[in-house]
Amino acid sequence: MPLLKLLHFMALIGWCGALLYLPALIAAGTRSSDALFYRDHAHLTRMVFNLVATPAALLAIGSGTALFLSGALFDAWLIVKLTTVTGMVVCHALCGVLILRIERLPEPSVGLECLLLGSLVAVLISATLWLVLAKPF
Ligand code: HEM
């Protein structure tokens, strides 16, 4: 159980960090008109999404599910937490959509969407941490 929790924490740090970083990375990739910079940046962004954010998300969700099943927990805070985690999964998918979009056309107008997405991610992570640490329900 402690090891499972440790795995959950390590995966969370990776996932939350990548989710906060990705919108800024995506927005930064649309700022240059240099084709070489753009190609390398698009490659880096896709690599962070595929090799860091997605495996960490799968590990966080898998270890969280194992904690939930091994502890036989069915409290209200956990159900609300799963709702905020679902929001984080949607933001993860939206990062993927933005990456595909800037790969086709690096339009700077994506910046506003990245700002909104980054803010939403910060709110959802804070809400999830509050729910799990304060257990208000
Ligand atoms: C499907 C996804 C997830 C599931 C099923 C899940 C489930 C769980 C469960 C059952 C526990 C043990 C609670 C306890 O022993 O009291 C736990 C602990 C924890 N989870 Fe998650 N979790 C998930 C995702 C997340 C996310 C995305 C975050 C943060 C953004 C998070 C943060 C934490 C923290 C900080 C703890 C430690 C709480 C403590 O020891 O008091 N979890 N999680």
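The following legends describe three close-up views of a predicted model.

**View 1. Threonine 30 in the loop between α1 and α2.** The loop that holds threonine 30 joins α1 (2-28) to α2 (35-70). Threonine 30 has a relative accessibility of 7% and therefore counts as buried, the cut-off for that class being under 20%. Its side chain reaches the backbone oxygen of alanine 27 at 2.7 Å. Leaving aside residues up to four places away in sequence, threonine 30 touches Ile102, Pro106, Glu107, Pro108 and Val110. Of these contacts, Ile102 falls within the range of α3 (residues 76-104) and Val110 within that of α4 (residues 110-134).

**View 2. Packing of helix α3 against helix α4.** Helix α3 spans residues 76-104 and helix α4 spans residues 110-134. Their axes lie 9 Å apart and form an angle of about 160 degrees. Because angles over 145 degrees fall in that class, α3 and α4 are described as roughly antiparallel to each other. The crossing of the two helices is left-handed. Sorted by class, the residues in the contact of α3 with α4 comprise 19 nonpolar, 3 polar and 3 charged.

**View 3. Lysine 135 in the segment after α4.** The backbone of lysine 135 has a phi near 40 degrees, which is a positive value in a residue other than glycine. Lysine 135 is found beyond helix α4, in the segment that follows α4. With a relative accessibility of 45%, lysine 135 counts as partly exposed, since this value lies between the limits of 20% for buried and 50% for exposed.

Technical notes. Residues numbered from 1 in each chain as written. Predicted model: local features only at pLDDT ≥ 70, side-chain atom pairs only at ≥ 80, totals over all residues. Heavy atoms only, no water. Helix = DSSP H or I, 4+ residues; strand = E, 2+ residues; numbered from the N terminus. Buried < 20%, exposed > 50% of the residue type's maximum accessible area, 1.4 Å probe, protein only. Polar contact = N/O pair within 3.5 Å; in protein donor to acceptor, adjacent residues only side chain to side chain. Contact = heavy atoms within 4.5 Å. Axes fitted to C-alpha atoms, helices over the stretch in contact; angles between N-to-C directions. Parallel < 35°, antiparallel > 145°, perpendicular 65-115°, else oblique. Left-handed = near helix turned anticlockwise from the far one by under 90°. Nonpolar A, V, L, I, M, F, W, Y, C, P; charged D, E, K, R; others polar.
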